[in-house]
Structures are given as structure tokens and as C-alpha cells.
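Thank you all for coming; I would like to walk you through one model this morning, slowly, and with the picture in view. Please have a look at it on the screen before I start.

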Amino acid sequence: MRKVLTALAILACSAVVQAQDHPADAVSQERLEADIHTLVGFGTRHTLSVQDHPTRGIGAAVRWGEATFKIISAQCGGCLEVVVPERIVQGRRIPEPTRLRNVVAIQWGTERPKEVVIVQGHIDSRVSDVMDFTSDAPGANDDGSGTVLVLEAARVLSQRQYPSTIVYVLLSGEEQGLYGGQLMADYAEEQGWTVKAVLNNDIVGGSCGSDGVCDDSNVRVFSEGPRADLTEALRADQRRNGGENDSPSRNLSRWLDGLADEFPDGLNVRQIWRTDRMGRGGDQIPFLDKGYPAIRFSVAIEDYEHQHQDLRVEDGVTYGDTAEEMDFTYLVRVTQLNVRALDRLARAPMPPVVKAQAAVRTDTLLEWEGVPGATLYEIFARRTDVPAWGSPIAISYVDGLKPASSGTSESTRNWSHVAKLRGDDWFFGVRACGPEHVCSPISSAVPAGAFAPIPQEEGDSK
Ligand SMILES: [Zn+2]
């Protein structure tokens, strides 16, 4: 009887998201596990697999993702707009024209709906031969883990409202060449969204490698150095004046590291200062190409025997990306970190665009345009050979009542601050903070430091 009651209790908990102090506390391991088993149950989710079978293949998986978002939306009074952008794709790993569909759920912001934070994982899977679309490809960790993280984030965050928009995305076509990421980056551009951050989650549910090395305390966050959309002019400016370590994605990575440090029981962020793992890629890249700030979350230790592998036993070694090889406690913690980040980014204002003037003077003039939703700005400086930002060196209050402000209530006027530092020896940055002191990532006053795509010059070759 007790067993039955416990089972019923778990079922009840799984069905309804419980109200908690913070949405991250509502993340459920039971739901994450159940969703992984559903995904694995589609047999293969290869992009070239069957699209019209009711229970097998990418078509069934995508329909399930869409239905799941709609159920989540029904539980928040229809708060999610579910759309399924699609296009026909063909390429090196897609020999025939193939229908590609992403599943997207949009939780519109109440104050600044065009400002968006995107969280995504890829729903497609593969085995040893990337063109094998019929063999079972469970793709539990790669990237069932990212997919179920996105669904769970939608469940817990849709219970609240946010000033800016959160977009939950299940991507297809990753293994065949980042097709879903490309479609989604194009979609964001077509919608005219101001992309504050893209959190790409790919392989986030394991903690041990094929060599027996384990690490369940860290999660890796990959960020690009020089941005992909630099023009020749900005590249030259950056070579001369610095900034190769201050891209928006790099500052987003620093921000995530700082956020994780606030929760000593949670995962630590290991910042990896390269775009992705060596010789490999992910769905953050099409966004970076367009100039959108984007990072990749991935496990601290990859397990090469249990990704991109045919299911088999060879010399006593079991190969294949199955749920049995996953660490669900770890996946819960990566999901919680994502939820904390989304909750905060959706409340924070956009990072401002900052310029610094320091030539032939003993101090540094910083200028930036105000951003909607900001109640104050914090100014930072760090030595050029120091990797991390420290504490603010100054604060400017929007309400005009506090020191260091020249007094106006307009949040979008131009701001300036004179730092009593010789600018040659420092990097400067500014972050915008909203109510409850929820702050954006720091935006660096360097060439191409702005959290915005770089206007491409006529005839410029990247
Ligand atoms: Zn992947």
C-alpha cells in the first residue's frame, strides 16, 4: 500500500509543477527521466528517418515535442505560443531534399517582448555512420539531455511572467550540419528579435568518461573569442586596440560563471574560451555567425563510447548513447543552472553599448546609451591581462537622486562616466541592472564589444 501511495505521489508531482521559491527548485528528475525514455522510445530521431510513422523516427519525435509544449502551455493558461518553423534542406549529409522542422515555444515578455533569451537543444540523433537513418539511435545524452532540459525549463519558468521573452527550442538536423540552428538563427533575424543570449545545451547529462574519469561538479561553457561577424575594419580596430577576449559571448560566459558561484551547492562553471570542443561544432555557431551572443553548455567529461555509436558490445565494452549511461542527478543540476540563468536574463535589461575614450589623457571617458528597464548602471574596470571582472568601480543611478548621476528619469538618454584611470592599461565595461538588482552581463568598451550584430559593410568579406 505504501508503495502504491508513493507511486501515486510521484505521479501527482510529475503532472503538476509545484510552486517553489525559485523556479529552479521545481526542476524534477522524474520528469527529465520520463522524457528521456519517451525520446529513446522513438527508436531513431535521425534527420533523414521516417517522418510519417506514428511512433518511430524524427517525425514522431518532433510531433511529440510540439504536443508537449502545448500541454505545458495549457497548464499556464496558454502562455506559450508554439510554432514549428520548417524548410526543405539538402547538403553534404542530406543527399535528398528533406523537410526539416524545429519546435519553438515562445513565452512573450510583458514589457519588452522583442528582447529574447533562447534556450535550445537538438532533438535529432545519430549512430556511428552519420548517414545511417534506420538503425536504433537512442541519442539519450546527445542530445536527448538538452531536449528534455528545454522542456523542463519551459515547465518551471512558464509558471511566472517576465519583462522580456523566453524562447524554448528543439532543433532538428544538428548531426547533419547544424541545419536546425541555422533555421532558428534565421527565424530570430526575420522576427527582428533583439537576442540577449542563446543558451545551447548539447550533451549535458553525464559525468564519467570512457577512461573512467568522472566529474560531476563542473559544467563546461564554451564561448568564442574574436566574434564571427567581425568586419575587416573592426578586426583591424580590435588588433590595434584590443578586445579579442571581450566578445559578448565571452562576457555571457563570465556572467554565467558568476551566477553559478552564487549557488555553492550547484554546479561550478568551467569556462572554456573557445567556440566549441576541438574540431567539433554545435548549434550556437549559426547564431554567432549572425552576431548573436551564444554559448554552449556541455558536460565536464565526455564519454566517447556512448555518443555517435552503434548499439553493440565489443570486447566486453558496451557502446551506444543509452539512458543507462547518463547521470540524471547531474542533468538536474545543469537544468537548474539554465533555469536560474533564464530567469535572471529574462528580468535583466539589455547590456548597454559602451564606448571608451582614453587617448592622450589621464582619465577615461565612458559613454553609453541607456537601455529600457534599467534602474542603474554599474561601471567596471580590469587590467588588460586579468581574465575576470571584479567589483564595480562606480554606479550611476537612473532616478537621478543618487551620486554620480546628472539627473533625469529617462532611461534611454545617453550616459557618461569619467573613470580616474589611465585607459591604456585597463579594459572597461558597463552592465545595466533592473528592479531587485538583477543585472545584465557586462558589455565591454572595446571594438565589437556590443551585444548586437555588427552591421556588415558593403562588399566586406568576413
Ligand atoms: Zn549533439
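Let me begin with a question: is helix α4 largely enclosed by the rest of the structure, or largely in the open? What you see is a predicted model, and in it 18 of the 18 residues of α4 are buried, so this helix is largely enclosed by the rest of the structure. Helix α4 covers residues 140-157, and since 18 residues at 1.5 Å a residue should span 26 Å, the 24 Å between its end C-alpha atoms agrees with that expectation. There is one backbone detail here that I would ask you to note, which is that the peptide bond from D142 to D143 is cis, with omega near -5 degrees, and that D143 has its place in helix α4.

For contrast, please turn to helix α6, residues 232-241, where the number of buried residues is one out of 10, so that this helix lies largely in the open. Just after α6 comes G242, which takes a positive phi of about 90 degrees.

Now let me step back to the whole chain. The protein has nine helices and 19 strands, and of its 462 residues, 49% count as buried. Along the principal axes, the C-alpha trace spans about 70 × 55 × 40 Å. For a compact globule of 462 residues one would expect a radius of gyration near 23 Å, and because the protein has 23 Å, the two agree. If we take the contacts with a separation of 6 or more, residues 24 or more positions apart account for 74% of them.

The next element is helix α2, residues 29-40, and how it meets helix α9, residues 328-345. On its own, α2 has 12 residues, which at 1.5 Å each should span 16 Å, and its end C-alpha atoms are 17 Å apart, in agreement with that figure. Its buried residues are R31, L32, D35, I36, L39 and V40. As a general reminder, an α-helix has 3.6 residues a turn, so residues three or four places apart point the same way.

How, then, do α2 and α9 pack, and at what angle? Their axes are 10 Å apart and make an angle of about 110 degrees, which means that α2 is roughly perpendicular to α9. On the α2 side the contact is made by Q29, L32 and E33, and on the α9 side by F328, T329, L331, V332 and T335. Sorted by class, the residues of this contact are four nonpolar, three polar and one charged. I would add that L32, one of the residues making this contact, is also among the buried residues of α2.

Let me move on to two loop residues whose backbone deserves a careful look. I203 sits in the loop between β7 (194-201) and β8 (218-222), and although it is not a glycine, it has a positive phi of about 65 degrees. This I203 counts as buried, because it has 27 C-beta neighbours inside 10 Å. H308, in the loop between β10 (294-299) and β11 (312-314), is another non-glycine residue with a positive phi, in this case near 50 degrees. With 18 other C-beta atoms within 10 Å, however, H308 is partly exposed, since a residue needs 20 or more to be called buried.

I will finish with three pairs of residues, for anyone who likes to set sequence beside space. D52, in the loop between α2 and α3 (58-74), is exposed, with 8 C-beta neighbours inside 10 Å; D52 and R63 are 11 residues apart in sequence, and their C-alpha atoms are 10.0 Å apart. S396 belongs to strand β16, residues 394-397, and is buried, with 23 C-beta neighbours inside 10 Å; between S396 and H417, which are 21 residues apart along the chain, the C-alpha separation is 8.2 Å. I71, finally, is found in helix α3 and counts as exposed, with 12 C-beta neighbours inside 10 Å, and the C-alpha atoms of I71 and D129, 58 residues apart along the chain, are separated by 35 Å.

Notes: Residues are numbered from 1 along each chain as its sequence is written. This is a predicted model: local features need pLDDT of at least 70, side-chain atom pairs count only at pLDDT 80 or more; totals for chains, interfaces and linings use all residues. Helices (H or I, at least four residues) and strands (E, at least two) are DSSP runs, numbered from the N terminus. The expected span of a helix is 1.5 Å times one less than its number of residues. Axes are lines fitted to C-alpha atoms, for helices over the stretch in contact, and angles run from 0 to 180 degrees between N-to-C directions. Angles under 35 degrees count as roughly parallel, over 145 as roughly antiparallel, 65 to 115 as roughly perpendicular and the rest as oblique. Two residues are in contact if their C-beta atoms, placed from the backbone, lie within 7 Å. Ala, Val, Leu, Ile, Met, Phe, Trp, Tyr, Cys and Pro count as nonpolar, Asp, Glu, Lys and Arg as charged, and the others, Gly among them, as polar. The radius of gyration is taken over C-alpha atoms; the globule rule is 2.2 Å times the number of residues to the power 0.38.
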